[in-house]
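Welcome, and thanks for taking a look at this one with me. Please open the model and keep it beside you as you read.

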Amino acid sequence: MTDLTLQSFTPRGASVPLALRPETPRTPDAALLALARALQAAGYRFTTVTPATHDRVNRRPGNQWAIEPSGIFGWSRPFRVEQLAPEWLVLMRQAEVLERYQDGWLSRVRFSSLGRQLFVHSAYPTAETDAVFFGPDTYRFAQAIQAHLAGRHGALRRAADIGCGAGPGAVLIAQAQPTAEVLALDINPQALRFTRLNAELAGVAGVQARHSDLLSAVEGDFDLIVANPPYMADPAQRAYRDGGGELGAGLSRAIVEAALPRLAPGGSLLLYTGVAIVAGRDLFRQAIAAQLDASGWRWTYREVDPDVFGEELQEPAYGQAERIAAVVLEVKRP
């Protein structure tokens, strides 16, 4: 088993000041990609949890400072410069992801595992307006895509991932359907940057990251449209988190309305989202059921987790909600 303690990356002998170390010039993107590949080669893996769990684990005694790479690049804990190999520190500096913290440093990005792949995304806490989230929703979204693709017959010609974030949906589709054109769409330039890097890291050529509000900036129809949109009622209205509308369902409803007319014959929409349950009623399902029934198209709707982000029920916006459930909607055009 690979030893992933920081000690295993510490150079022997006296450390060399960072400013004096020789380095190969790299752009920030090239350096970030090289750092990701170095982590992969070292056997690094990390499963990203909810923000509430992240906070609880980091507050435990002994977890204030990182003692292994997962502490730096997964748990977003501060670390001291002498603890990490010089070449890794150089890559972090070139990638512009080093941030000062007391007498040490923080990484401004995280690296999370999904299957055999690593994905770069924003560090914890995701407080910036352009933060790119990756977490338990990502894993459930990935499982829904994989199940859908496993049950599909025939090759995909064209697919779109609306609100692609760090790009896991688009990458999974491109890996399963290497001849397909896969559009990764987002309004956040940082998300598009991470998607391009993650697609290159995964070695998939079919992913095109494009700036688009839903499908407004792209033309044509699609054999598959997937989306994992923000679905919370967020008072701060952070783009990666706030779904808008009634209890965060606004963006999910908008995706359904935008996607259905753009499905090719035999095409499908797969939407993974979260919904507020109020007095036993699923408000999102109620809002879309009549529209879907009227279309005459086949659709399925299922809860994949009955209780997510339970801490949000303490917020005033969810004062009448009993729970927040994760759901998957699949619609197929004849």
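Here are a few numbered points on the cores, a strand pair and the salt bridges.

1. Please bear in mind that this is a predicted model. A good place to begin is the largest nonpolar core, which has 78 residues. Leu32, Phe73, Phe111 and Ile173 have the most contacts inside it. Helix 7 (residues 189-202) gives the largest share of this core, 7 residues. Another core lies apart from it and has 31 residues, including Leu183 and Val256.

2. Leucine 32 deserves a visit of its own. Beyond its neighbours within four places in sequence, its contacts include Ala95, Val97, Phe111, Arg193 and Leu197.

3. Next, try following the chain from strand 6 (residues 181-186) to strand 7 (residues 207-211). These two strands pair in the parallel sense, over 5 bridges. Between them the chain passes through helix 7, in a right-handed β-α-β crossover. Within the pair, leucine 185 stands opposite arginine 210 of strand 7.

4. The salt bridges come to 14. In one of them, glutamate 312 meets arginine 241 at 2.4 Å, N to O. Each partner sits in a loop, and the pair ties together parts that are 71 residues apart in sequence. Glutamate 312 is buried at 10% relative accessibility, and arginine 241 is buried at 16%.

5. Arginine 323 and glutamate 303 form another salt bridge, with their closest N and O atoms 3.1 Å apart. Arginine 323 belongs to strand 12 and glutamate 303 to strand 11, so this pair links parts 20 residues apart in sequence. Arginine 323 is partly exposed at 25%, as is glutamate 303 at 37%. Finally, salt bridges with shared partners join Asp137, Arg140 and Asp305 into one network.

Technical notes:
Residues are numbered from 1 along each chain as its sequence is written. This is a predicted model: local features need pLDDT of at least 70, side-chain atom pairs count only at pLDDT 80 or more; totals for chains, interfaces and linings use all residues. Side-chain values use heavy atoms; hydrogens and water are left out. A nonpolar core is a set of buried Ala, Val, Leu, Ile, Met, Phe, Trp, Tyr and Cys residues joined through side-chain atoms within 4.5 Å. Buried means under 20% relative accessible area, exposed over 50%, partly exposed in between (1.4 Å probe, protein chains only). Helices (H or I, at least four residues) and strands (E, at least two) are DSSP runs, numbered from the N terminus. Contact means heavy atoms within 4.5 Å. Two strands pair if DSSP finds at least two bridges between them. A crossover is right-handed if, with the strands pointing away from the viewer, the path from the first strand over the helix to the second runs clockwise. A salt bridge is a side-chain nitrogen of Lys or Arg within 4 Å of a carboxyl oxygen of Asp or Glu.
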